[in-house]
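Subject: Structure for you to look at, with notes

Dear colleague,

I am handing over the structure below, and my notes on it follow directly after. Please read them with the model open beside you.

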Amino acid sequence: DFAAWQLAWMEGEAVSNQLAYWKDKLGGELPVLQLPTDRPRPAAYTYRGARERLPLAPALVQAIRALGERNEVTLFITLLAAYQTLLYRYTGQTDVIVGSPTAGRNRVEIEELAGVFVNNLVLRSDLSGNPSFRALLGRVREVAFSAFAHQDVPFERLLEELSPERDPSRAPFFQVFFNILSFADTRLSPPDLALVPVDLDIGTSLFDITLYAIEDKDRLS
């Protein structure tokens with residue numbers, strides 16, 4: 001039923017308004033993130049990759065949270081701004097695009113419905129003018145809020161409508177990805193079983209860099 005409703009919605013005025021927003025944000029020539037690497041980029045994307053995990057010290061986690069509270073932004077915004085700052089330091093580019101998923105459950109009717117409604121958003125931030133980090137937090141918050149307000153257009157539809165120049169060695173729109181995962185309240189506790197999480201590295205990467213911020217109670221990695 002939801003899929004049928006969504007297909008009908010995709011032909012209406014609401015999606016046209018959202019598409020107009022994305023065409024304004026992503027129209028024209030898009031920046032390509034030129035990350036410095038120790039090997040030449042292959043002609044076609046291979047998806048070979050690896051994983052590194054870095055647990056943050058408790059004092060650093062507290063400082064990060066305090067920084068966000070002082071500036072009235074979420075942990076997501078704080079870490080996204082830090083990530084984009086790092087990418088700027090690596091590349092010297094001030095027009096930085098990062099992909100990020102949204103849960104897609106922004107309607108009461110589907111809050112408890114089983115299924116995957118995830119959609120990828122394109123977060124394009126302006127780091128020009130050598131802003132302070134506090135100023136950058138404000139810019140990133142505005143970018144994220146605007147993207148969330150126009151999150152209903154499927155990523156595949158954006159590809160169709162905007163037809164970005166395709167390069168087989170790079171993903172379209174963005175080359176890096178960011179996601180924050182919270183496991184603080186999702187632990188299963190069956191009475192007769194002891195569950196231990198297993199960290200798997202399957203040796204692949206969909207993007208040049210994917211940063212997962214994993215939140216587990218007071219810990220962050």
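Just after helix α3, the residue E72 takes a positive phi of about 55 degrees, and it does so although it is not a glycine. E72 is found in the loop between α3 and α4, and with a relative accessibility of 68% it counts as exposed. Please keep in mind that this is a predicted model, and that the values here are computed from it.

The helix that leads into this residue, α3 (residues 58–70), has 13 residues and reaches 18 Å from its first C-alpha to its last, close to the 18 Å expected at 1.5 Å a residue. Which residues of α3 are buried? They are V61, I64 and G68, and they cover an arc of only 60 degrees around the axis, which puts them on the same side of α3. As general background, an α-helix has 3.6 residues a turn, so residues three or four places apart point the same way. On the other side of α3, the residues P58, A59, Q62, E69 and R70 are exposed, while the cover over the buried residues of α3 includes α4 (75–91) and β5 (219–220).

A second positive phi in a residue other than glycine belongs to Y47, where the angle is near 65 degrees. Y47 has its place in the loop between α2 and α3, and at 43% relative accessibility it counts as partly exposed, the limits for that class being 20% and 50%. There is also a positive phi just after α2, of about 80 degrees, and there the residue is G28.

Helix α2 itself (residues 13–26) has 14 residues, which at 1.5 Å a residue should span 20 Å, and its end C-alpha atoms are indeed 20 Å apart. Its buried residues are V15, Q18, L19, Y21, W22 and L26. Seen down the axis of α2, these buried residues fall within an arc of 155 degrees, so they line one face of the helix. The face turned away from that buried side carries the exposed residues E13 and D24. What do the buried residues of α2 pack against? Their partners are α1 (2–9), β2 (119–126), α5 (133–149) and α6 (155–162).

Two of these partners are helices for which I can give the packing geometry, and in general two packed helices are described by the angle between their axes and the distance between the axes.

For α2 and α6, the axes come within 11 Å and cross at roughly 65 degrees, and α2 passes α6 in a right-handed crossing. The contact is made by L19, W22, K23 and L26 on the α2 side, and by R157, L158, E161 and L162 on the α6 side. Sorted by character, the residues of this contact divide into 5 nonpolar, no polar and 3 charged.

For α2 and α5, the axes lie 10 Å apart and the helices pack at an angle of about 145 degrees. Here Q18, Y21 and W22 in α2 meet V143, S146, A147 and A149 in α5, and the residues of the contact divide into 5 nonpolar, 2 polar and no charged. W22 is thus listed in the contact with α6 and also in the contact with α5.

Two single residues complete my notes. L127 is found in the loop between β2 and α5, and at 5% relative accessibility it counts as buried, since the cut-off for that class is under 20%. Not counting residues up to four places away in sequence, L127 touches Q84, T85, Y88, T94, V96, L136 and R139. By contrast, L127 and L193 are 66 residues apart in sequence and 49 Å apart in space, C-alpha to C-alpha.

T210, for its part, has its place in strand β4 (residues 209–216) and is partly exposed, with a relative accessible area of 27%. Leaving aside its neighbours within four places in sequence, T210 is in contact with Y83 and F177. The C-alpha atoms of T210 and F178 are separated by 5.7 Å, with their positions 32 residues apart along the chain.

With best regards

How values were computed: Residues numbered from 1 in each chain as written. Predicted model: local features only at pLDDT ≥ 70, side-chain atom pairs only at ≥ 80, totals over all residues. Heavy atoms only, no water. Helix = DSSP H or I, 4+ residues; strand = E, 2+ residues; numbered from the N terminus. Expected span 1.5 Å × (residues − 1). Buried < 20%, exposed > 50% of the residue type's maximum accessible area, 1.4 Å probe, protein only. Arc of directions from axis to C-beta. Contact = heavy atoms within 4.5 Å. Axes fitted to C-alpha atoms, helices over the stretch in contact; angles between N-to-C directions. Left-handed = near helix turned anticlockwise from the far one by under 90°. Nonpolar A, V, L, I, M, F, W, Y, C, P; charged D, E, K, R; others polar.
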